[in-house]
Amino acid sequence: MLSQRLQEKLHQRQEEGNLRRLSLSTAQHDFFSNDYLGLANNQELRQIIDEKYHQLADRRIGATGSRLLSGNSSYAIRLEQKLAKIFRGEAALLFNSGYNANSALISCISQKGDVILFDELIHASLREGYRLSFANRYSFMHNDLEDLEKKLQAHQHAPVVFVIIESVYSMDGDNCILKEMLELCQKYNAYPILDEAHSTGIIGEGGCGLACELGLEQLCFARIYTFGKAIGSHGACVVGSQILINYLINFARSFIFSTAAPLHNLVSIESAFDYIKQFPDLQADLKSRINFYNVYIQQVQVNSSNLKVYFEAASNNLSPIQIIKISGNENCKKLANCMIDKGFEIRAILSPTVKAGEERLRICLHNFNKEQEIKDLIDNLYQ
Ligand SMILES: Cc1ncc(COP(=O)(O)O)c(C=O)c1O
(Lines give C-alpha, C1' and ligand atoms only; values in the text may rest on other atoms or scores of the structure.)
Protein backbone atom coordinates (compact mmCIF):
# COMPACT_ATOMS: atom_id res chain seq x y z
CA MET A 1 0.00 0.00 0.00
CA LEU A 2 2.63 2.51 1.10
CA SER A 3 5.07 1.42 -1.60
CA GLN A 4 2.39 2.02 -4.17
CA ARG A 5 1.78 5.52 -2.84
CA LEU A 6 5.49 6.30 -2.93
CA GLN A 7 5.78 4.88 -6.42
CA GLU A 8 2.87 7.01 -7.61
CA LYS A 9 4.53 10.15 -6.27
CA LEU A 10 7.77 9.24 -8.04
CA HIS A 11 5.87 8.52 -11.23
CA GLN A 12 4.18 11.92 -11.01
CA ARG A 13 7.60 13.57 -10.74
CA GLN A 14 8.79 11.59 -13.74
CA GLU A 15 5.75 12.76 -15.73
CA GLU A 16 6.38 16.38 -14.73
CA GLY A 17 10.01 16.09 -15.81
CA ASN A 18 11.43 16.87 -12.38
CA LEU A 19 12.41 13.50 -10.93
CA ARG A 20 15.60 13.90 -8.89
CA ARG A 21 18.40 11.36 -9.27
CA LEU A 22 21.86 11.10 -7.81
CA SER A 23 24.58 11.32 -10.40
CA LEU A 24 28.36 11.51 -10.46
CA SER A 25 30.04 14.43 -12.12
CA THR A 26 31.88 13.49 -15.30
CA ALA A 27 32.24 16.84 -17.04
CA GLN A 28 35.57 18.63 -16.88
CA HIS A 29 34.41 22.23 -16.43
CA ASP A 30 32.96 23.02 -13.01
CA PHE A 31 30.19 25.58 -13.34
CA PHE A 32 27.96 24.06 -10.70
CA SER A 33 29.75 23.71 -7.37
CA ASN A 34 29.56 26.26 -4.56
CA ASP A 35 33.33 26.12 -4.19
CA TYR A 36 33.56 29.73 -5.40
CA LEU A 37 37.15 30.28 -4.23
CA GLY A 38 38.42 26.82 -5.10
CA LEU A 39 39.29 26.11 -1.47
CA ALA A 40 37.79 22.62 -1.40
CA ASN A 41 40.48 21.57 -3.88
CA ASN A 42 43.29 23.87 -2.81
CA GLN A 43 46.37 21.69 -2.19
CA GLU A 44 48.24 24.34 -0.22
CA LEU A 45 45.31 24.83 2.13
CA ARG A 46 44.94 21.06 2.48
CA GLN A 47 48.56 20.86 3.63
CA ILE A 48 48.07 23.69 6.13
CA ILE A 49 45.01 21.91 7.54
CA ASP A 50 46.82 18.55 7.78
CA GLU A 51 49.81 20.09 9.55
CA LYS A 52 47.66 22.03 11.99
CA TYR A 53 45.52 18.98 12.73
CA HIS A 54 48.51 16.73 13.36
CA GLN A 55 49.96 19.21 15.82
CA LEU A 56 46.90 18.92 18.05
CA ALA A 57 47.30 16.77 21.14
CA ASP A 58 43.69 15.56 21.24
CA ARG A 59 42.78 14.29 17.76
CA ARG A 60 39.57 12.41 18.33
CA ILE A 61 38.16 11.16 15.03
CA GLY A 62 34.62 11.98 16.05
CA ALA A 63 33.27 14.47 18.59
CA THR A 64 31.59 11.58 20.53
CA GLY A 65 28.51 13.55 21.54
CA SER A 66 26.66 16.83 21.32
CA ARG A 67 28.36 20.01 22.52
CA LEU A 68 26.27 19.86 25.71
CA LEU A 69 27.59 16.36 26.49
CA SER A 70 30.98 14.93 25.49
CA GLY A 71 31.31 16.77 22.16
CA ASN A 72 32.57 20.15 23.36
CA SER A 73 36.21 21.17 22.90
CA SER A 74 38.38 24.16 23.66
CA TYR A 75 39.03 24.30 19.90
CA ALA A 76 35.30 24.81 19.19
CA ILE A 77 35.06 27.52 21.85
CA ARG A 78 38.11 29.35 20.48
CA LEU A 79 36.83 29.03 16.92
CA GLU A 80 33.50 30.56 17.93
CA GLN A 81 35.33 33.48 19.51
CA LYS A 82 37.35 33.94 16.34
CA LEU A 83 34.22 33.76 14.15
CA ALA A 84 32.49 36.34 16.34
CA LYS A 85 35.48 38.64 15.68
CA ILE A 86 35.53 38.00 11.92
CA PHE A 87 31.79 38.69 11.67
CA ARG A 88 31.90 41.56 14.20
CA GLY A 89 29.28 40.19 16.54
CA GLU A 90 29.10 39.71 20.26
CA ALA A 91 29.07 35.92 20.03
CA ALA A 92 28.84 33.00 17.60
CA LEU A 93 27.56 29.43 17.82
CA LEU A 94 28.61 26.59 15.54
CA PHE A 95 26.05 24.35 13.83
CA ASN A 96 26.64 21.23 11.73
CA SER A 97 25.25 22.82 8.57
CA GLY A 98 23.50 25.91 7.31
CA TYR A 99 20.32 23.87 7.02
CA ASN A 100 20.51 22.91 10.69
CA ALA A 101 21.31 26.45 11.78
CA ASN A 102 18.46 28.02 9.83
CA SER A 103 15.76 25.54 10.72
CA ALA A 104 16.70 25.55 14.41
CA LEU A 105 17.10 29.31 14.73
CA ILE A 106 13.85 30.31 13.03
CA SER A 107 11.77 27.62 14.70
CA CYS A 108 12.95 28.24 18.25
CA ILE A 109 13.19 32.02 18.25
CA SER A 110 9.55 32.66 17.35
CA GLN A 111 6.44 32.01 19.45
CA LYS A 112 2.69 31.78 18.92
CA GLY A 113 1.32 35.21 17.96
CA ASP A 114 4.64 36.42 16.50
CA VAL A 115 4.88 37.15 12.80
CA ILE A 116 7.57 35.98 10.38
CA LEU A 117 7.84 37.99 7.15
CA PHE A 118 10.09 36.41 4.56
CA ASP A 119 11.31 37.23 1.07
CA GLU A 120 9.55 34.92 -1.38
CA LEU A 121 12.93 33.61 -2.62
CA ILE A 122 14.47 32.46 0.66
CA HIS A 123 16.14 29.07 0.91
CA ALA A 124 14.32 25.84 1.85
CA SER A 125 16.19 25.63 5.18
CA LEU A 126 14.71 28.95 6.33
CA ARG A 127 11.27 27.79 5.22
CA GLU A 128 11.75 24.64 7.27
CA GLY A 129 12.27 26.93 10.27
CA TYR A 130 8.99 28.80 9.91
CA ARG A 131 7.13 25.57 9.14
CA LEU A 132 8.30 24.21 12.50
CA SER A 133 7.39 27.38 14.38
CA PHE A 134 4.05 28.40 15.88
CA ALA A 135 4.29 31.96 14.50
CA ASN A 136 2.15 33.35 11.67
CA ARG A 137 4.12 33.69 8.46
CA TYR A 138 3.70 35.76 5.30
CA SER A 139 5.92 36.23 2.27
CA PHE A 140 6.75 39.57 0.68
CA MET A 141 7.72 40.06 -2.94
CA HIS A 142 11.38 39.55 -3.71
CA ASN A 143 13.50 42.54 -2.65
CA ASP A 144 10.35 44.71 -2.66
CA LEU A 145 10.48 47.45 -0.01
CA GLU A 146 6.95 48.64 -0.67
CA ASP A 147 5.46 45.20 -0.19
CA LEU A 148 7.55 44.60 2.93
CA GLU A 149 6.44 47.94 4.39
CA LYS A 150 2.78 47.12 3.73
CA LYS A 151 3.20 43.89 5.66
CA LEU A 152 5.18 45.50 8.46
CA GLN A 153 2.38 48.05 8.87
CA ALA A 154 -0.29 45.36 8.85
CA HIS A 155 1.44 43.39 11.62
CA GLN A 156 2.92 46.16 13.71
CA HIS A 157 0.89 45.12 16.77
CA ALA A 158 2.23 41.56 16.82
CA PRO A 159 4.44 40.88 19.89
CA VAL A 160 7.52 40.30 17.71
CA VAL A 161 7.98 40.57 13.94
CA PHE A 162 10.92 38.81 12.27
CA VAL A 163 12.05 39.58 8.73
CA ILE A 164 14.04 36.89 6.93
CA ILE A 165 16.34 37.84 4.06
CA GLU A 166 19.49 36.60 2.33
CA SER A 167 22.57 38.62 1.30
CA VAL A 168 22.87 36.85 -2.03
CA TYR A 169 19.78 34.92 -3.11
CA SER A 170 20.68 31.35 -3.92
CA MET A 171 18.29 30.85 -6.83
CA ASP A 172 18.59 34.24 -8.59
CA GLY A 173 22.11 35.19 -7.48
CA ASP A 174 21.11 38.81 -6.89
CA ASN A 175 22.01 40.81 -3.79
CA CYS A 176 19.57 41.90 -1.15
CA ILE A 177 18.99 45.67 -1.00
CA LEU A 178 20.32 45.33 2.49
CA LYS A 179 20.62 48.89 3.79
CA GLU A 180 17.06 49.82 2.83
CA MET A 181 15.63 46.54 4.13
CA LEU A 182 17.39 46.88 7.48
CA GLU A 183 16.36 50.54 7.84
CA LEU A 184 12.76 49.57 7.18
CA CYS A 185 12.96 46.88 9.85
CA GLN A 186 14.37 49.47 12.24
CA LYS A 187 11.49 51.86 11.49
CA TYR A 188 8.95 49.20 12.49
CA ASN A 189 10.97 47.62 15.33
CA ALA A 190 11.15 44.34 13.42
CA TYR A 191 13.98 41.84 13.93
CA PRO A 192 15.97 41.04 10.76
CA ILE A 193 17.53 37.60 10.30
CA LEU A 194 20.11 37.57 7.53
CA ASP A 195 21.37 34.42 5.81
CA GLU A 196 24.88 35.09 4.45
CA ALA A 197 25.43 31.60 2.95
CA HIS A 198 26.47 32.85 -0.49
CA SER A 199 28.44 35.88 0.66
CA THR A 200 30.50 34.18 3.39
CA GLY A 201 34.13 34.15 2.28
CA ILE A 202 33.64 36.00 -0.99
CA ILE A 203 32.52 39.46 0.16
CA GLY A 204 34.35 41.75 2.58
CA GLU A 205 37.63 41.69 4.46
CA GLY A 206 38.61 38.15 5.37
CA GLY A 207 35.32 36.93 3.90
CA CYS A 208 33.17 38.70 6.51
CA GLY A 209 30.08 38.90 4.26
CA LEU A 210 27.77 41.64 3.04
CA ALA A 211 26.46 43.10 6.31
CA CYS A 212 29.97 43.66 7.71
CA GLU A 213 31.25 44.94 4.38
CA LEU A 214 28.51 47.60 4.40
CA GLY A 215 28.91 48.31 8.14
CA LEU A 216 25.33 47.19 8.79
CA GLU A 217 25.95 44.20 11.03
CA GLN A 218 24.60 45.87 14.17
CA LEU A 219 21.20 46.33 12.50
CA CYS A 220 20.72 42.55 12.19
CA PHE A 221 19.22 40.53 14.99
CA ALA A 222 20.88 37.32 13.81
CA ARG A 223 23.19 36.40 10.95
CA ILE A 224 23.91 32.94 9.56
CA TYR A 225 27.23 32.13 7.89
CA THR A 226 27.86 28.79 6.19
CA PHE A 227 31.12 26.97 5.55
CA GLY A 228 30.13 24.48 2.85
CA LYS A 229 30.32 26.98 0.01
CA ALA A 230 33.21 29.46 -0.47
CA ILE A 231 34.90 28.22 2.71
CA GLY A 232 35.26 24.83 1.01
CA SER A 233 34.40 22.84 4.11
CA HIS A 234 31.18 22.12 6.02
CA GLY A 235 29.11 23.62 8.85
CA ALA A 236 27.74 27.03 9.80
CA CYS A 237 27.48 29.52 12.62
CA VAL A 238 24.89 31.92 13.94
CA VAL A 239 26.20 35.32 15.04
CA GLY A 240 24.33 37.67 17.36
CA SER A 241 24.12 38.87 20.95
CA GLN A 242 25.34 36.71 23.83
CA ILE A 243 21.71 36.43 24.96
CA LEU A 244 20.73 35.02 21.57
CA ILE A 245 23.58 32.49 21.66
CA ASN A 246 22.70 31.43 25.23
CA TYR A 247 19.10 31.01 24.10
CA LEU A 248 20.13 28.84 21.14
CA ILE A 249 22.26 26.62 23.40
CA ASN A 250 19.10 26.00 25.40
CA PHE A 251 16.42 25.82 22.72
CA ALA A 252 17.91 25.11 19.25
CA ARG A 253 17.06 21.44 18.79
CA SER A 254 19.59 20.63 16.05
CA PHE A 255 22.31 22.06 18.29
CA ILE A 256 21.19 20.24 21.44
CA PHE A 257 20.33 16.84 20.02
CA SER A 258 23.04 16.24 17.41
CA THR A 259 26.65 15.07 17.59
CA ALA A 260 29.07 18.00 17.29
CA ALA A 261 31.32 18.43 14.26
CA PRO A 262 34.60 16.50 14.30
CA LEU A 263 37.78 18.38 15.12
CA HIS A 264 39.20 18.07 11.61
CA ASN A 265 36.18 19.98 10.32
CA LEU A 266 36.82 22.81 12.80
CA VAL A 267 40.49 23.00 11.81
CA SER A 268 39.44 23.20 8.14
CA ILE A 269 37.05 26.07 8.84
CA GLU A 270 39.59 28.07 10.83
CA SER A 271 42.37 27.49 8.31
CA ALA A 272 40.17 28.55 5.40
CA PHE A 273 39.38 31.90 7.04
CA ASP A 274 43.09 32.46 7.78
CA TYR A 275 43.89 31.59 4.16
CA ILE A 276 41.30 34.02 2.74
CA LYS A 277 42.70 36.77 4.94
CA GLN A 278 46.23 36.00 3.80
CA PHE A 279 45.34 35.88 0.09
CA PRO A 280 42.89 38.67 -0.85
CA ASP A 281 43.55 37.84 -4.52
CA LEU A 282 41.23 34.87 -4.13
CA GLN A 283 38.30 37.29 -3.91
CA ALA A 284 39.74 39.66 -6.52
CA ASP A 285 40.13 36.83 -9.04
CA LEU A 286 36.55 35.72 -8.50
CA LYS A 287 35.33 39.30 -9.06
CA SER A 288 37.30 39.53 -12.28
CA ARG A 289 35.75 36.25 -13.57
CA ILE A 290 32.27 37.52 -12.75
CA ASN A 291 32.96 40.77 -14.64
CA PHE A 292 34.35 38.85 -17.56
CA TYR A 293 31.24 36.63 -17.70
CA ASN A 294 28.92 39.63 -17.67
CA VAL A 295 30.80 41.56 -20.35
CA TYR A 296 31.13 38.54 -22.62
CA ILE A 297 27.54 37.31 -22.32
CA GLN A 298 26.28 40.78 -23.17
CA GLN A 299 28.51 40.90 -26.26
CA VAL A 300 27.30 37.51 -27.40
CA GLN A 301 23.68 38.47 -26.81
CA VAL A 302 24.04 41.61 -28.91
CA ASN A 303 25.80 39.76 -31.69
CA SER A 304 23.28 36.99 -31.77
CA SER A 305 20.21 39.25 -31.75
CA ASN A 306 19.29 38.05 -35.25
CA LEU A 307 19.42 34.45 -34.18
CA LYS A 308 16.55 32.65 -32.57
CA VAL A 309 17.75 32.79 -29.03
CA TYR A 310 14.93 31.36 -27.01
CA PHE A 311 16.21 32.05 -23.57
CA GLU A 312 16.66 35.18 -21.57
CA ALA A 313 19.94 35.74 -19.79
CA ALA A 314 19.55 37.71 -16.59
CA SER A 315 23.08 38.99 -16.64
CA ASN A 316 24.86 41.89 -14.98
CA ASN A 317 24.64 40.37 -11.61
CA LEU A 318 27.74 40.70 -9.49
CA SER A 319 27.57 37.47 -7.55
CA PRO A 320 29.11 34.15 -8.60
CA ILE A 321 25.61 32.74 -9.16
CA GLN A 322 24.39 33.54 -12.65
CA ILE A 323 21.14 32.36 -14.16
CA ILE A 324 19.69 31.91 -17.60
CA LYS A 325 15.94 31.56 -17.61
CA ILE A 326 14.47 28.96 -19.92
CA SER A 327 10.79 28.37 -19.52
CA GLY A 328 9.64 24.79 -19.00
CA ASN A 329 11.27 21.84 -17.27
CA GLU A 330 11.86 19.90 -20.47
CA ASN A 331 13.47 22.80 -22.40
CA CYS A 332 15.66 23.67 -19.48
CA LYS A 333 16.76 20.10 -18.80
CA LYS A 334 17.47 19.53 -22.49
CA LEU A 335 19.92 22.42 -22.71
CA ALA A 336 21.57 21.52 -19.39
CA ASN A 337 22.08 17.92 -20.55
CA CYS A 338 23.44 19.10 -23.86
CA MET A 339 25.99 21.30 -22.03
CA ILE A 340 26.94 18.44 -19.70
CA ASP A 341 27.56 16.23 -22.75
CA LYS A 342 29.92 18.94 -24.01
CA GLY A 343 31.86 18.85 -20.73
CA PHE A 344 30.26 21.80 -18.87
CA GLU A 345 28.77 20.97 -15.47
CA ILE A 346 25.79 23.29 -15.11
CA ARG A 347 22.47 22.43 -13.55
CA ALA A 348 18.88 23.03 -14.51
CA ILE A 349 16.75 24.36 -11.66
CA LEU A 350 13.27 23.10 -12.34
CA SER A 351 9.81 23.72 -10.97
CA PRO A 352 8.69 23.13 -8.23
CA THR A 353 12.07 24.24 -6.82
CA VAL A 354 11.33 27.52 -8.64
CA LYS A 355 7.93 28.74 -9.89
CA ALA A 356 6.67 27.15 -13.12
CA GLY A 357 7.80 29.37 -16.00
CA GLU A 358 10.82 30.55 -14.00
CA GLU A 359 12.95 27.47 -14.69
CA ARG A 360 16.60 28.32 -15.22
CA LEU A 361 20.12 27.17 -15.81
CA ARG A 362 22.19 28.02 -12.77
CA ILE A 363 25.81 28.80 -13.52
CA CYS A 364 28.26 29.09 -10.65
CA LEU A 365 31.46 30.96 -11.37
CA HIS A 366 34.73 30.32 -9.56
CA ASN A 367 38.10 32.01 -9.33
CA PHE A 368 39.62 28.93 -10.99
CA ASN A 369 37.45 29.14 -14.13
CA LYS A 370 39.72 30.42 -16.89
CA GLU A 371 38.46 33.22 -19.15
CA GLN A 372 38.67 30.87 -22.14
CA GLU A 373 36.57 28.32 -20.26
CA ILE A 374 33.89 30.96 -19.59
CA LYS A 375 33.97 32.03 -23.24
CA ASP A 376 33.56 28.43 -24.37
CA LEU A 377 30.67 27.97 -21.97
CA ILE A 378 28.81 31.02 -23.29
CA ASP A 379 29.61 30.28 -26.96
CA ASN A 380 28.26 26.78 -26.56
CA LEU A 381 25.12 28.02 -24.83
CA TYR A 382 24.35 30.38 -27.70
CA GLN A 383 25.27 27.94 -30.48
C1 LIG B 1 20.82 30.56 1.21
C2 LIG B 1 21.19 29.24 1.79
N3 LIG B 1 21.10 29.06 3.11
C4 LIG B 1 21.42 27.90 3.69
C5 LIG B 1 21.85 26.83 2.94
C6 LIG B 1 22.18 25.55 3.61
O7 LIG B 1 23.52 25.50 3.93
P8 LIG B 1 24.27 24.10 4.11
O9 LIG B 1 24.57 23.61 2.73
O10 LIG B 1 25.47 24.44 4.93
O11 LIG B 1 23.32 23.20 4.82
C12 LIG B 1 21.98 26.96 1.56
C13 LIG B 1 22.45 25.82 0.76
O14 LIG B 1 22.44 25.76 -0.43
C15 LIG B 1 21.63 28.20 0.96
O16 LIG B 1 21.72 28.37 -0.36
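In the predicted model, the buried residues of helix 5 pack against one helix and several strands, namely helix 4 (98-109), strand 3 (115-119), strand 4 (136-140), strand 5 (161-166) and strand 6 (191-195). Helix 5 itself spans residues 124-131, and its buried residues are S125, L126, G129 and Y130. These residues lie on the same side of helix 5, because the arc they cover around the axis is only 145°.

Helix 4, one of the elements against which helix 5 packs, is mostly covered, with 11 of its 12 residues buried. The buried set consists of G98, Y99, A101, N102, S103, A104, L105, I106, S107, C108 and I109. From the first C-alpha to the last, helix 4 reaches 16 Å, which is close to the 16 Å expected at 1.5 Å a residue.

Helix 4 also contributes to the surroundings of the ligand. The largest share of the ligand shell, 3 residues, comes from this helix. In total, 14 residues surround the ligand, and the closest are S97, G98, Y99, S170 and A197. Of these, G98 and Y99 also appear among the buried residues of helix 4. By class, the shell comprises 9 polar, 3 nonpolar and 2 charged residues.

A further buried position was examined in helix 11 (residues 263-278), where I269 is located. I269 counts as buried because 24 C-beta neighbours fall inside 10 Å, the cut-off for this class being 20 or more. When residues up to four places away in sequence are not counted, I269 touches L79, F227, I231, S233 and G235. A101, a buried residue of helix 4, is 168 residues from I269 along the chain, and the C-alpha atoms of the two are separated by 16 Å.

At the level of domains, the assignment gives domain 1 as 22-40 + 281-381 and domain 2 as 56-277. The centres of the two domains, taken over C-alpha atoms, are separated by 28 Å. Contact between them involves 17 residues of domain 1 and 18 residues of domain 2. On the side of domain 1 that touches domain 2, helix 12 (281-303) and strand 10 (321-325) each supply at least two residues. This side of domain 1 has 11 nonpolar, 5 polar and 1 charged residues.

Backbone geometry was also considered at individual loop positions. Two residues that are not glycines have a positive phi: R88, at about 50°, and N143, at about 55°. R88 is found in the loop between helix 3 (74-86) and strand 2 (91-95). N143 is placed in the loop between strand 4 and helix 6 (145-154); strand 4 is also one of the elements that the buried residues of helix 5 pack against. The burial classes of these two residues follow from their neighbour counts. R88 has 16 C-beta neighbours inside 10 Å and therefore counts as partly exposed, whereas N143 has 20 and so counts as buried. The value for N143 meets the threshold of 20 or more for a buried residue.

A cis peptide bond is present from S351 to P352, with omega near 15°. P352 lies in the loop between strand 12 (347-349) and strand 13 (360-364).

Definitions and conventions
Residues are numbered from 1 along each chain as its sequence is written. This is a predicted model: local features need pLDDT of at least 70, side-chain atom pairs count only at pLDDT 80 or more; totals for chains, interfaces and linings use all residues. Helices (H or I, at least four residues) and strands (E, at least two) are DSSP runs, numbered from the N terminus. The arc is that of the directions from the helix axis to the C-beta atoms. Two residues are in contact if their C-beta atoms, placed from the backbone, lie within 7 Å. Domain bounds come from an automatic or database domain assignment. Ala, Val, Leu, Ile, Met, Phe, Trp, Tyr, Cys and Pro count as nonpolar, Asp, Glu, Lys and Arg as charged, and the others, Gly among them, as polar. A residue is near a molecule or strand if its C-beta atom, placed from the backbone, lies within 6 Å of it. The expected span of a helix is 1.5 Å times one less than its number of residues.
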